[in-house]
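Subject: Structure handover

Hi,

Here is the structure I promised to pass on. Have a look at it first, and then read my notes underneath.

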Amino acid sequence: MAFFKSLFGGKSEPVPIAHLDDFPDLYSGMKVEVMTPANALLFVGRLRLLSGNQLDILGESGGFLPRALYNQPVKIRCFPKEGDTFTLNGTVGPNDRKFWRIENLQSLQNSENRNFFRQNTAVEGYVRTESGQKFPCKVLDVGGGGARVLTEKLFPLESTFQLETSLIPTEEPFSFTCRVKRTTVRAQTSSPVKKFEYGCQFVDVPPREQERLLQVIFTLQRKVLRSSRDA
């Protein structure tokens, strides 16, 4: 497929494209995140395909959008129903409270597309060792590809544990196999007990659970955006 050849072909810079035909995996109604170049979330929306090197993004539920500056650079994180999440660069053209037109589309480099947006959560959960021991933890943030977890249990780098948590009360709990990719020691001034912060990568998440996780992340993002607008 032309899109994935250009996206994962190992190029280190964004690749300009001339037409949306080069992105056969894009479709009207696809769910997307619109972010700043520094990965700050602006809003969650849906695509409307146009001709040429441009597309429209509408509010996910028909709601009002923030106003944008003409030629403002943005990132578009795309979530297809099947296949990997991918990211585009673009600039904002005509826009109002109902749509943003995104022009000058480019596909991002390989490393950028492996990074999922992380949503702050700070919810409680448990980590379970391979031997079945269970320890309380706090899930500091979560994304489609991993989570940041704080617990008193020490795990070696590249080891795995089971993470069990409910991200929102109305959803069934999640259970993820996590691989430890980064460890930070957190000393507590009021206690001799150390805690360990882990940057984790999810391992072998079933497609149905991946989709459920993304839906929950979108729900959390909408709550944050609604709170910021009401503040």
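Below is what I found in it, going from the overall picture down to single residues.

First, a caution: this is a predicted model, so please read everything here in that light. The protein has 13 strands and 3 helices. Of its 231 residues, 43% are buried. The accessible surface is about 12,300 Å², and carbon and sulfur atoms account for 51% of that. If you take the contacts between residues at least 6 apart in sequence, 55% of them link residues at least 24 apart.

Now the inside. The largest nonpolar core has 25 residues, and the members that touch the most others in it are V127, F161, L163 and L213. Two or more residues each come from strands 8, 9 (134–142), 10, 11, 12 and 13, and also from helix 3 (207–230). There is another core, apart from this one, with 19 residues, including L47, A68, I76 and V92.

V127 is a good place to zoom in. Not counting neighbours within four places in sequence, V127 is in contact with Q133, K134, F135, C137, V149, T151, F155, F161, Q162 and L163. Two names on that list, F161 and L163, also appear among the core residues that touch the most other members.

Next, strand 13, which covers residues 195–202. Why can it be called largely enclosed by the rest of the structure? Because 6 of its 8 residues are buried. Strand 13 also has two partners worth tracing on screen. Strand 10 (residues 146–151) runs antiparallel to strand 13, and 6 bridges join the two. As an example, T151 has F196 in strand 13 as its bridge partner. Strand 12 (residues 174–186) is likewise antiparallel to strand 13, this time with 8 bridges. Here you can pick out C178, whose bridge partner in strand 13 is F202.

A lysine also caught my eye. K75 sits in strand 5, residues 73–79. Is K75 buried or exposed? Its relative accessibility is 9%, and because anything under 20% is classed as buried, K75 counts as buried. As for what its side chain does, it reaches the backbone oxygen of P37 at 3.3 Å.

Finally, two residues with backbone angles to check. A122, in strand 8 (residues 119–128), has a phi near 55°, which is a positive value in a residue other than glycine. A122 is partly exposed, with a relative accessible area of 47%.

E158 is the other one, with phi near 70°, again positive and again in a residue other than glycine. You will find E158 in the loop between strand 10 and strand 11 (160–165). E158 is partly exposed too, at 43% relative accessible area. Which residues does E158 touch, if you leave out those up to four places away in sequence? They are R179, V180 and K181. E158 and Q201 are also worth a look together: they are 43 residues apart in sequence, and 9.5 Å separates them in space, C-alpha to C-alpha.

That's it from me. Shout if anything is unclear when you open the file.

Cheers

Key:
Residues numbered from 1 in each chain as written. Predicted model: local features only at pLDDT ≥ 70, side-chain atom pairs only at ≥ 80, totals over all residues. Heavy atoms only, no water. Helix = DSSP H or I, 4+ residues; strand = E, 2+ residues; numbered from the N terminus. Buried < 20%, exposed > 50% of the residue type's maximum accessible area, 1.4 Å probe, protein only. Polar contact = N/O pair within 3.5 Å; in protein donor to acceptor, adjacent residues only side chain to side chain. Pairing = 2+ DSSP bridges. Core = buried A, V, L, I, M, F, W, Y, C linked by side-chain atoms within 4.5 Å. Contact = heavy atoms within 4.5 Å. Areas by Shrake-Rupley, 256 points an atom, 1.4 Å probe, with all protein chains shown as cover.
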